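Biologist: Could you take me through this model, one part at a time?

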Amino acid sequence: MALLLFGRRSFKCSKDVGKFMEASQLYCSSASSGKRRVNSVDLYFEQTGQGKHAVLLIPGALGSTKTDFGPQLTSLNKECFTVVGWDPRGYGQSRPPDRDFPSDFFERDAKDGVDLMKTLGFKKFSLLGWSDGGITAMIAAARNPELINKMVVWGSNVFVTEDDLKLYNMVRDVSKWSARMRQPMEEVYGAEAFAKIWENWVDGIAQFAKRPEGNICMELLPLISCPTLIIHGEKDPMVPSFHPHYLHKNIKASRLHLMPAGKHNLHLKYAEEFNKLVEDFLKD
């Protein structure tokens, strides 16, 4: 079975590619977009909706508004929510600079995301974080409890095990992917740059395995005070089930929702179900 990798974690591919590509191209004609100078970097963002409840979408590794959140930017309730998607520094249209992965890159992304929302005029907002974006969201929520209304994370972890490393190294070499699997990210970055950034990401995430317990941000979970929804696809090939259960146990105001058929891209393949789940949680 081929693996579908869109610059974050991987998930198994079948007929999902067409659905993903179609969803990622859907943008509301009334959406605004542009760049804002944040922490010495010009960050690209897209904004849609006019609701009082602001929501920041945080993509996964190498991810962007274009590749990661088409169904959410298009279909989340625009009367209830103002939805902001963004490309973290070095990703998508937030280049330059070139992306790098120092030991604090998740902390850096968290600060950038929060500061972008402040720059856009939002005094309080919720977070939706996928995969690496979920890690970024949890750090942002822990560091800024006064700013965060609620949080939804899926496909995320706060430590790296040896088994996790094996999964990452299995997909390190993008030349072994099919051309169809490489296409979405090559369209964003170009073939050579994509291969280099992806390999650098594998090295970047692997550095945490050298820490005690493989820690990324375990110590921050008790500091998260906002209501949190943890979603997990039970068929996610890249995030074993012990990760979401650990989050649920250690984030005090959390609930865990399991999607039996969900894989790593559950918000894309099951966009309607996912969006309703998120809307109900945010409006509750």
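Modeller: We shall go from the overall make-up to one sheet, one strand and one pair of helices. Please note that this is a predicted model, in which local features need pLDDT of at least 70 and side-chain atom pairs count only at pLDDT 80 or more, while totals for chains, interfaces and linings use all residues. Residues are numbered from 1 along each chain as its sequence is written, and side-chain values use heavy atoms, with hydrogens and water left out.

Biologist: How many helices and strands does the protein have?

Modeller: The protein has 11 helices and 10 strands. These are DSSP runs numbered from the N terminus, with at least four residues for a helix (H or I) and at least two for a strand (E).

Biologist: And what percentage of the residues count as buried?

Modeller: Of the 284 residues, 58% count as buried. Buried means under 20% relative accessible area, exposed means over 50%, and partly exposed lies in between, with a 1.4 Å probe and protein chains only.

Biologist: On to the sheet, then. What is the order of its strands?

Modeller: The order is E3-E4-E6-E5-E7-E8-E9-E10, an open sheet of 8 strands with mixed pairing. Two strands pair if DSSP finds at least two bridges between them. At the edges are strand E3 (32-38) and strand E10 (254-259), each of which pairs on one side only.

Biologist: Which strands does helix H5 touch?

Modeller: H5 packs on the sheet and touches E5, E7 and E8, and its direction makes about 150° with that of E7. Contact means heavy atoms within 4.5 Å. Angles run from 0 to 180 degrees between N-to-C directions, and axes are lines fitted to C-alpha atoms, for helices over the stretch in contact. H5 (residues 132-143) also joins with E7 and E8 in a right-handed β-α-β unit. Right-handed means that, with the strands pointing away from the viewer, the path from the first strand over the helix to the second runs clockwise.

Biologist: Is E7 enclosed or open?

Modeller: Strand E7 (residues 125-130) is largely enclosed by the rest of the structure, because 6 of its 6 residues are buried. Phe-125, Leu-127 and Gly-129 point one way from E7, whereas Ser-126, Leu-128 and Trp-130 point the other way.

Biologist: Which strands are joined to E7 by bridges?

Modeller: Strand E5 (residues 53-58) runs parallel to E7 and is joined to it by 4 bridges, with Leu-57 standing opposite Leu-128. Strand E8 (residues 148-154) is also parallel to E7, with 5 bridges. There, Leu-127 stands opposite Met-151, and Leu-128 has Val-152 as its bridge partner. In E8, 6 of the 7 residues are buried.

Biologist: New topic: at what angle do the axes of H7 and H8 cross?

Modeller: The axes of helix H7 (residues 179-189) and helix H8 (residues 191-206) cross at roughly 105° and come within 7 Å. That makes H7 roughly perpendicular to H8; angles under 35 degrees count as roughly parallel, over 145 as roughly antiparallel, 65 to 115 as roughly perpendicular and the rest as oblique.

Biologist: Which residues make that contact?

Modeller: Arg-182, Met-185, Glu-186 and Tyr-189 of H7 meet Ala-191, Ala-193, Phe-194 and Ile-197 of H8.
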